[in-house]
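Visitor: Please take me through one part of this model closely, beginning with how exposure is judged and then following the pairing and packing.

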Amino acid sequence: MLLVLLPVTGMLVFTAFSAAAQGEEARTLDRFHQAIGVSFATTEVSDAVARERIAAVLARLHPGRAALTERSAAERATDRTLLRAADRATSWPHSDVSGKLDAVSRQLHAVRVETGTGSLGAPDVVQRYQSVEDQLLDTVAALESERPTRAAGRAADAHVALLEAIEAGERERAEVAILLDAPAERSVAAAGRWPALEEAQLREFRQNTSDRLWAEVYTTQFEAPGRAVRKVRDMLTAADPQTSHWPSYDSWLTASGARIQSLRAVQDRAARELARTAAHDLSTARTRTVRDLALSLTVLGVVTVLALALRRSITRPLSEVSAGARALSDGDLSYDIRYAGRDELGDVADTFRALRVTTERLAAEIRSMNTAIDDNRLGHRADVGSFLGTWAQLLGGMNGTMASFAAAHGRRRKAERELESIFNLSPDLLCISGLDGYLKRVNPAFERTLGYSGETLLSKPYIEFVHEDDRAGTREALERLAVGVELAEFENRYLRADGTECWLQWSARPVLEEGLIYAAARDVTERRRAAEEQAALRRVATLVAHGAPPSEVFSKVAREVGDLLSTNAAVLRNEPDGSRTVLGTVHWIPQEPEEATREVRRTAAHAALTEVARTRRAARAGRAAAAPIVVDDRLWGFVVAASALDSLPEGTESRLADFTELVATAIANADSRDQLTASRARVVAAGDASRRRIERDLHDGVQQRLVALQLDLRLAESMLTDPTSELAEQIAHVSKGLDDAFQDLLQVARGIHPAILSKGGLGPALRSLARRSAVPVELDLRLPAARFPEQLEVAAYYVTSECLTNAAKHAHARVVSVDAGIRDDVLELTIADDGVGGAETGRGSGLIGLIDRVEAIGGKLTVSSPAGRGTTMRVRLPLSGGPSTQV
């Protein structure tokens with residue numbers, strides 16, 4: 001048998017080697033056949049890019065709707081051919097054609113963007129598209145570079161040469177079009193190099209193509225479009241080209257386009273010839289391979305017949321036992337070994353049959369245990385007694401595993417019940433949501449807080465329950481959770497079922513493998529409200545502490561109430577006659593509603609005020625709510641909040657009452673400050689009136705009597721005959737005393753209320769004080785010619801007078817500077833000396849009186865007097881006058 005098989009085996013090896021070589025040749029031809037298919041798809045992209053290039057150039061030279069439409073259509077056609085070529089290239093594994101086409105797509109996108117913005121001129125557009133065309137033609141040449149046969153190689157070279165020639169013609173067409181559009185601004189040198197390149201490629205095409213195809217190309221050169229193109233070329237290559245004889249822009253485009261279209265038709269036939277050549281070579285190789293393979297199969301059939309002759313004696317029972325062993329090892333218990341010989345193979349077959357029966361029994365026990373687990377019968381145990389050895393140990397281990405699983409299942413059920421209790425009893429909001437934006441489970445606290453049923457919460461995307469202003473932030477938080485980032489103390493607003501808002505503070509953890517988010521929230525609405533109310537109270541208290549006018553304080557209170565409740569708000573004061581004065585208002589909605597709506601709101605506000613006045617408790621009536629302001633156990637006034645559109649929600653009056661109770665002290669302080677300022681102003685005004693009355697009484701009474709006595713003495717003196725007598729001397733002495741008394745009285749009268757202040761104003765009065773001062777005074781007055789309010793002039797005069805007196809009597813100053821000017825509707829007065837300093841407002845009544853006078857008209861006086869470095873007094877007096885005593 002070996003002598004028979006040896007020559008057959010040698011022949012089989014020889015045939016196998018021959019078939020392998022022919023198979024490799026067939027694979028090479030098949031690869032080349034696939035390559036030219038990808039090459040043809042890439043050639044279509046090249047043609048589309050060429051058409052897009054000329055459309056882009058024409059749109060750049062003559063922009064218009066039609067040109068832009070043609071360019072857009074060319075771009076869409078290029079994109080479609082690119083897509084088809086990319087799909088075709090995916091089946092070509094031998095080079096990265098897909099990557100090259102992707103790069104071409106990106107370059108085209110960049111060129112289109114620059115062309116669309118108009119940043120590129122027409123030559124630049126041609127150059128940018130040329131780089132794309134070069135890449136595509138290089139890709140085609142690379143795909144067709146393999147030469148499995150001489151005929152296929154020549155057909156591929158002819159195809160690539162014709163492509164290069166057409167590209168040269170396309171480039172010439174674009175550049176000559178640019179030249180003809182503006183011949184005076186262009187050079188013909190650039191457009192003349194493309195015909196030479198075209199001729200060279202056509203010669204290459206002629207050397208490798210058939211006579212029929214070359215005849216077609218040759219014919220296109222002598223057709224009307226070809227003759228027109230050749231004529232233009234001759235004009236461009238002339239020594240002195242005359243632009244007047246050049247063809248028109250449109251005629252060139254028509255002729256060159258028709259010529260290139262004829263060349264493209266020849267290109268299509270060259271491509272079909274290349275495809276036929278490649279297909280014929282591949283078919284021949286496959287036929288030869290099949291013939292050799294048939295011979296090999298014949299030899300193999302002879303060998304198989306010889307092997308089958310041995311099968312009945314040895315190989316058949318051995319293969320049956322082997323197959324049974326493999327089936328058993330793979331878990332296939334259906335395979336039956338039918339061999340029952342009395343030899344060693346028969347014993348092995350009997351052993352495998354017994355093993356199969358035992359394995360079937362073991363598999364049945366395992367299936368029954370799995371069924372028990374599925375049915376939650378965790379008390380089921382396998383029958384260990386019917387097995388021996390390792391099988392019994394295996395089933396015993398399974399019984400132990402079942403017992404452990406039952407115990408673990410019991411603990412898990414207990415933990416689930418405990419967790420369920422915690423989930424339902426927790427006062428915090430607990431939920432489980434999916435990454436799809438829907439809640440999967442919520443606890444009762446969630447339902448109580450928002451006021452929705454569980455079915456409603458689970459039926460809608462939970463973003464719909466979030467306040468519109470917080471939805472963007474909530475989406476950002478969900479995006480972070482979707483990538484595995486945990487959140488802590490994230491706050492957003494939810495809308496309750498009754499339309500009110502509530503603030504929730506969230507902590508959440510994503511479990512991406514389950515597609516779930518576990519989250520817990522706490523209702524922090526009251527905390528935020530308290531914080532907002534405290535902040536509003538601090539702002540009001542700060543305003544009061546800074547000495548703001550009561551009108552500003554009351555307006556601030558109304559504004560804070562409006563901001564807290566998102567309503568219109570007002571502060572009202574009860575008057576002794578029973579009327580109410582509006583001290584401050586705020587309109588939270590800028591545009592007032594219709595008159596009917598305003599009337600409804602006024603009616604609701606009146607009802608709320610009436611109820612508060614009756615009960616001295618906060619009340620709500622439809623769109624309005626009011627709370628009492630109680631000062632010194634009397635109903636001082638009210639704070640009213642009114643909605644412009646909707647009824648106020650439940651609990652608004654409680655919030656309003658709480659805030660009103662907090663700001664009542666600030667309102668009382670502002671009112672007391674207002675009353676104190678008014679009282680101080682009345683005292684100062686009364687003092688000034690008393691000074692004027694005393695000055696008037698002195699001028700009209702004592703001064704007139706002194707003048708009369710002086711006249712009587714001068715009459716008596718004129719009646720004396722001897723002016724040197726003792727009586728004459730005595731009368732002259734009395735007359736002089738009367739003059740001195742008159743001057744002293746005049747000074748006292750001027751000190752009480754200087755006449756120059758009433759007649760000339762503040763500037764002349766300060767200059768008069770400077771002239772009469774015992775200490776030299778440096779004046780810097782930048783005052784307008786118009787008069788100031790009387791109380792402002794009196795305050796400035798007396799402050800300056802008192803400072804000059806203190807500088808001479810107490811400070812022992814050598815010089816005093818007085819500066820006065822107007823800044824920001826305020827009179828600023830600065831008096832500084834170089835005395836001993838150490839002046840304190842708490843000592844003596846002089847400085848205290850000045851402070852009272854200045855603050856009585858709404859001004860501010862500050863004293864800086866460090867020991868040994870002089871005293872500086874700064875006064876700021878508002879030109880609008882003192883604060884009003886009525887709000």
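Guide: A residue is called buried under 20% relative accessible area, exposed over 50%, and partly exposed in between (1.4 Å probe, protein chains only). L355 counts as partly exposed because its relative accessibility is 32%, and it lies in helix α10, residues 344-374 (helices are DSSP runs of H or I with at least four residues, strands runs of E with at least two, numbered from the N terminus). The model is predicted, with local features needing pLDDT of at least 70 and side-chain atom pairs pLDDT 80 or more, while totals for chains, interfaces and linings use all residues. Residues are numbered from 1 along each chain as its sequence is written, and side-chain values use heavy atoms, without hydrogens and water.

Turning to the pairing, an open sheet of mixed pairing has five strands in the order β11-β12-β13-β15-β14 (two strands pair if DSSP finds at least two bridges between them). Because β11 (777-782) and β14 (860-864) each have a single partner strand, they stand at the edges, and one side of each lacks a neighbour in the sheet. At one of these edges, β14 pairs with β15 (residues 871-878) in the antiparallel sense over five bridges, and S864 has T872 of β15 as its bridge partner. Helix α21 (residues 762-772) packs on the sheet, where it touches β11 and β13 (826-833), and its direction makes about 175 degrees with that of β11 (contact means heavy atoms within 4.5 Å; axes are lines fitted to C-alpha atoms, for helices over the stretch in contact, with angles from 0 to 180 degrees between N-to-C directions).
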